[in-house]
Structures are given as structure tokens and as C-alpha cells.
Amino acid sequence: MIRLANINDAHNVYTLIQDTILAIYGEFYSADEVKFFLDLHNEAAIEKDIKEEKVYVLTDGKCILATCTLEGNHILRLFVDKAHLRKGYGREMLNYVESRAFEEYEECVLDTSTPAKEFYTAMGYVAIGEEKIEIKSGVLMKYEIMKKHNRSDI
């Protein structure tokens, strides 16, 4: 079941995201970059987005299996619990937030991490640009911006 997250979910969403970053991102990023992601997805930011009704969770009735944030047509913070990867939960969550965004927008956009790029490409997203962000003095990290058009508009 996918639903809007409530404030009681905040810590579990935070823990799911932090654990997934720690388990996976080290294979693709330097220690400074992993720290950047951990800091970016802090508990206060998650709580703020939950209060603004931007965060969705996929649950099995007991546990949160995946989460995603939707700001207008911008998809953010899609994470699947590391114990439940490759079971279709990321696809289910993405399809859900896309359908919500496509109610009002012609396209969805997202910033992709290296580990997720292949997934988003398989889901119909195309790279439209590359950005760099300074994660600490003199240290730049690249990421890609991707988009997907609402096929019902074509």
C-alpha cells in the first residue's frame, strides 16, 4: 500500500534512507560524497517534507519498504529498503508518484545518483543535462538531470 507519510513515519523513513546510502553508495562515491548524501537526507529535511505532504511511503502494513518525495513534478529521494531491493518496490513507488505528477504536469524530472541511473533509464527517463555541486571546499560532485514525458500527452 502506498500512502502519504505522516510525522510518525519520519524516523523510519530517515533510517531507511541512511541505511541504504551506507550500504550502497560507497561502491560508487568517495567518502566525502557519501557524507554529502547522508547530510542532505537529514531527519529535519524529511520531517519538513512530511509536514508539507510531499513524502510517500510503500508499506506492507507493518514496515516501510520504500519512500519517495514529490515536489510538483520533481521526483526526489526515492529509496527502497536495502533488504527489499529488486522486488519491484522502486518501480511501484515511481509509477505511483509519476501518476500523481502527471495529473498536473506534462513531464517528471529528477536528479539521479550513479547507482540509480540504470533504473531510471529502464523506467523511460532520459538524461537532459549534467550539473556539478560543490560538496566541500574544492570538491565537486557531478550528477545528471533526467526527465520523462507523460506518454498520454504524446
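Biologist: Hello! How many residues lie between S6 and S7 in their hairpin?

Modeller: Happy to help; this is a predicted model, where local features need pLDDT of at least 70, side-chain atom pairs count only at pLDDT 80 or more, and totals for chains, interfaces and linings use all residues. Residues are numbered from 1 along each chain as its sequence is written, and side-chain values use heavy atoms, without hydrogens and water. Gly-138 in the turn has a positive phi of about 80°, and the number of residues between the two strands is 2.

Biologist: Thanks! How many bridges join strand S6 to S7?

Modeller: Strands are DSSP runs (E, at least two residues; helices are H or I, at least four), numbered from the N terminus, and two strands pair if DSSP finds at least two bridges between them. S6 covers residues 126–136 and runs antiparallel to S7. Ala-127 stands opposite Met-146 in S7. The bridges joining S6 to S7 number 9.

Biologist: Which element gives the largest share of the lining of the largest pocket?

Modeller: A pocket is an open set of points on a 1 Å grid over the protein atoms alone where a 1.4 Å probe fits, with protein on both sides within 12 Å along at least five of seven lines; lining residues have an atom within 4 Å of a point. The largest pocket holds about 1,200 Å³ of space, and of its 38 lining residues, Tyr-25, Leu-78, Ser-113, Ala-116 and Tyr-120 are the closest to its centre. Among the elements that each supply at least two lining residues are H1 (10–24), H4 (89–102) and S4 (74–80). The largest share, 7 residues, comes from S4.

Key:
Grid points are joined across faces, edges and corners, and a volume is the space filled by probe spheres set on the points.
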